[in-house]
Structures are given as C-alpha cells and as structure tokens.
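I opened my notebook to look up a few things in one structure. I wanted to see what sits against what.

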Amino acid sequence: LATSMWLMWQLRSLPGLMLFIAASFWLPQIVECAVRGVRWTAATPRYVGSVTLARLFLPLYVVLCPYNLLRAPVRPGLALLLVVWQAAQAALLLMQQGRRGPRFFIPKWLLPQPYDYHRHALPRGHAGAGGSDAASLLPGWRGRVQRVLRAAAGAVRAVTAALHAATGLLGWQPRAGPG
C-alpha cells in the first residue's frame, strides 16, 4: 500500500501514465498463464468482456466527460489509447485459452524443453559413460548396483526421472523379522 501511494505521488504530474498503469490489470494473469503454461479456465469471453468494460467506465468518464468530478481536461487520444490497450489485453488473454496454448506469443527458442514423462527403460547391455548398464548412472553405488544387476539376470527394469535404473528381482522375499 505504501509503495502504491508513493508511486501515485511521484506520478501525480503524469495522470495519463498513471491511468495506463492502472488499466494494465490483465497483464499479471497473462504473464502467470504464460509462465506456468496453463490455461485460465475461468476466462470465458463473457467474463473477460464484462470485467474489461466495467473497469473502463471510470477512466473513460475522467478523460472524456468535460464536467467530471476531478475537473480533468478532456483527452480523447488518451481515451482511445486506454480502449485499445485494454482490448489488446483482453484479446491476448482469450487467445491464450485457444488451441495454440498460453505460450503462443513466445518464440520457440525461448521456451523451456518440456519434460518427457514417458521414458523408456534402458536396453539390456546398455553401457553408460563409466561402466555397464545402470552402474554408470549411479556412480556412488557402482559396486552394489553391479552386484544387483549380476544377481538379477532376467529381471524387470525401469528408469526413474533422475535416470536411475531400478531392477525388480523376480522371486524376491522379504527378510524375516527378529524371533
């Protein structure tokens, strides 16, 4: 609150810029959708249009009505700029909900690589950088993994997200408890 009050005091000689900043209310939602890569499901065209028009009413009253309460001068150019700016924000927000996705306006080379959730298991006999099979993927556990891999011939294998190979031993029995 204090920062907003200070900013308004500093911009008191630039009311057009203050109105322009205040009219940028859809920008945080646009950025949030683009950063997270998700569609905002509540953004129906009716909702976005009605909120945009409702929030345009007071600024347009101030800049277009010659007898407004603030006694601000009439500035039709600023009014047109506010309408175009809010229409552009609303259009961008609605286009993010379309089939091209929330990041359609960001160049492909700036987008992060999507994570592949459907990885395949390592093929049998896969030799990594430092040894055989999964042992090279787990350098601190090399001896244990090699013993497990030797003991688990014909076992089912999987690869985790961190490229750790897991081997399910067929016929594995839990250790008996004390007693």
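My entries follow, one topic at a time.

**Entry 1: the model.** I noted first that this is a predicted model.

**Entry 2: aromatic pairs.** I searched the whole structure for aromatic pairs and got six. One of them joins tryptophan 40 and tyrosine 47. Their ring centres are 6.1 Å apart, and the planes make an angle of 75 degrees. I wrote the pair down as edge-to-face, because planes over 60 degrees apart get that label.

Next I asked which aromatic cluster Trp40 and Tyr47 belong to. The cluster consists of Phe25, Trp26, Trp40 and Tyr47.

I also checked whether tyrosine 47 is buried, exposed or partly exposed. Its relative accessibility is 37%. Partly exposed covers the range between 20% and 50%, so tyrosine 47 goes there.

**Entry 3: a charge over a ring.** I looked at phenylalanine 25 again, this time for a charge. The charged end of arginine 55 sits over its ring. The distance to the ring centre is 4.4 Å.

**Entry 4: H4 against H5.** Helix H4 covers residues 45-64, and helix H5 covers residues 76-96. Their axes come within 10 Å. How are the two helices oriented to each other? The axes cross at roughly 165 degrees. Angles over 145 degrees count as roughly antiparallel, so H4 and H5 are roughly antiparallel. The crossing of H4 past H5 is right-handed.

I listed some of the residues that meet here. On the H4 side they include Val48, Thr52, Arg55 and Leu56. On the H5 side they include Leu82, Val83, Gln86 and Ala90. Arg55 thus appears twice in my notes: in this contact and over the ring of phenylalanine 25.

**Entry 5: threonine 52.** I picked out threonine 52, which is found in helix H4. Is threonine 52 buried or exposed? Its relative accessibility is 7%. The cut-off for buried is under 20%, so threonine 52 counts as buried.

I then left aside its neighbours within four places in sequence. The contacts of threonine 52 are then Phe25, Trp26, Gln86 and Ala90. Phe25 and Trp26 belong to the aromatic cluster, while Gln86 and Ala90 lie in H5.

**Entry 6: H2 against H5.** Helix H2 runs over residues 15-22. The axes of H2 and H5 come within 10 Å and cross at roughly 15 degrees. That is under 35 degrees, so H2 is roughly parallel to H5. Gly16, Leu19 and Phe20 make the contact from H2. Leu78, Leu81, Leu82 and Trp85 make it from H5. I noted a right-handed crossing for H2 and H5.

Definitions and conventions. Residues numbered from 1 in each chain as written. Predicted model: local features only at pLDDT ≥ 70, side-chain atom pairs only at ≥ 80, totals over all residues. Heavy atoms only, no water. Phe/Tyr/Trp six-rings, centres within 6.5 Å; stacked < 30°, edge-to-face > 60°. Buried < 20%, exposed > 50% of the residue type's maximum accessible area, 1.4 Å probe, protein only. Lys NZ or Arg CZ within 6 Å of the ring centre and 35° of its normal. Axes fitted to C-alpha atoms, helices over the stretch in contact; angles between N-to-C directions. Helix = DSSP H or I, 4+ residues; strand = E, 2+ residues; numbered from the N terminus. Parallel < 35°, antiparallel > 145°, perpendicular 65-115°, else oblique. Left-handed = near helix turned anticlockwise from the far one by under 90°. Contact = heavy atoms within 4.5 Å.
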